[in-house]
Amino acid sequence: MEPHFKKTTVLGVGLIGASFSLALKKCGLCGTVTGFGRTVENLRRAKDRGIIDSFELSPDKACHDADLVVFATPVGLFSSLAKQIKEVLKKDAVVIDVGSVKEKVVSELEDIFGSRFVGCHPIAGGESSGIDQSSPELFKGALCIMTKTEKTDEEVFRNISKTWEAIGARVEPMSPADHDRVYALVSHIPHVIAYALV
């Protein structure tokens, strides 16, 4: 049986956040999706396109009664947002992120949310950004790194893993430190090759 989240909150309705919302909806993995973001215009457009069902301009209101919270803003905003929503989250709410940096993020957000936080990095999207490029198919065949630590709740990890697999991603468990080492190496290889060629 696939996991199902009655209410999902997406903090940051850009390419990845919007595509994740669309994928959850298409696969019947959620009831409603509430969005939070910086601009009313983008949030209204997202609602008009059926990406989200409602939106809030305050993160704590957006996260009220959520079963799943997805951090999809720029990574630098995670810590501040986490502190704002901590007190309103349900005890059994699951929190994930989709950022490309893991060690610092996982350490900070585990301190705030405990065992019900799982760091994720779906490697999808390329050079495009924004909701205009969003698609429920974005994660089909994409690799999604899921970080696991000694604090991670096993059942939460399994459910989030099943969620990514249900929307088409290939899940690879990895420690936050290993993720950052591998990703730094991979992202630097093109620059090293270009430098060598010059």
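Colleague: Let's start with L138: in which loop is its place?

Modeller: This is a predicted model, in which local features need pLDDT of at least 70, side-chain atom pairs count only at pLDDT 80 or more, and totals for chains, interfaces and linings use all residues. Residues are numbered from 1 along each chain as its sequence is written, and side-chain values use heavy atoms, with hydrogens and water left out. Helices (H or I, at least four residues) and strands (E, at least two) are DSSP runs, numbered from the N terminus. On that numbering, the place of L138 is in the loop between strand 6 and strand 7.

Colleague: Thanks! And how far apart are the C-alpha atoms of L138 and A124?

Modeller: L138 is in contact (heavy atoms within 4.5 Å) with L15, I16, S19, A124 and G125, leaving aside neighbours within four places in sequence. A124 is thus one of its partners. Along the chain L138 and A124 are 14 residues apart, and their C-alpha atoms are separated by 6.7 Å.

Colleague: T152 is also in a loop. Is T152 buried or exposed?

Modeller: The loop of T152 runs between strand 7 (143–147) and helix 6. T152 touches E110, S115, V118, T147 and F157, not counting residues up to four places away in sequence. Buried means under 20% relative accessible area, exposed over 50%, and partly exposed in between (1.4 Å probe, protein chains only). Because its relative accessible area is 10%, T152 is buried.

Colleague: Which element gives the most residues to the largest nonpolar core?

Modeller: A nonpolar core is a set of buried Ala, Val, Leu, Ile, Met, Phe, Trp, Tyr and Cys residues joined through side-chain atoms within 4.5 Å. The largest one has 35 residues, and V13, F20, L68, I96, M146, I160 and W164 have the most contacts inside it. With six residues, the element that gives the most to this core is helix 1 (residues 15–26).

Colleague: Lovely. How many residues are in the other core that lies apart from it?

Modeller: In soluble globular proteins, nonpolar side chains tend to be buried together. L81, I85, L89 and V106 are among the members of another core, which lies apart from the largest one. Its size is 20 residues.

Colleague: On to pockets. What is the volume of the largest pocket?

Modeller: On a 1 Å grid over the protein atoms alone, a cavity is a set of points where a 1.4 Å probe fits but cannot get out, and a pocket is an open set with protein on both sides within 12 Å along at least five of seven lines; lining residues have an atom within 4 Å of a point. Grid points are joined across faces, edges and corners, and a volume is the space filled by probe spheres set on the points. The largest pocket is lined by 32 residues, with G14, L15, A72, T73 and P74 nearest its centre. Its volume is about 690 Å³.

Colleague: How many residues in the lining of the largest pocket are charged?

Modeller: Helix 1, helix 4 (78–85) and strand 6 (117–123) are the elements that give two or more residues to this lining. Ala, Val, Leu, Ile, Met, Phe, Trp, Tyr, Cys and Pro count as nonpolar, Asp, Glu, Lys and Arg as charged, and the others, Gly among them, as polar. The lining of the largest pocket has 16 nonpolar and 15 polar residues, and the number of charged ones is one.

Colleague: Which helix gives the most to the lining of the second largest pocket?

Modeller: That pocket holds about 170 Å³ of space, and its lining residues include P3, D67, R116 and E155. By class, the lining has five nonpolar, two polar and four charged residues. Giving three residues, the top contributor is helix 6 (residues 154–166).

Colleague: P3 caught my eye. How far is P3 from V156 in space, C-alpha to C-alpha?

Modeller: P3 is found in the segment before strand 1 (5–11), and counts as buried because its relative accessibility is 10%. P3 touches L29, N159, K162 and T163, not counting residues up to four places away in sequence. P3 and V156 are 153 residues apart in sequence, and their distance in space is 10.0 Å.

Colleague: Last one, for the bench: how far is the sulfur of C63 from the closest cysteine sulfur?

Modeller: A disulfide is a pair of cysteine sulfur atoms within 2.5 Å, and a search of the whole structure finds zero. C27 is in no disulfide, with the nearest cysteine sulfur, that of C30, 9.6 Å away. C63 is buried, at 0% relative accessible area. Its closest cysteine sulfur is in C30, too far for a bond because the distance is 15 Å.
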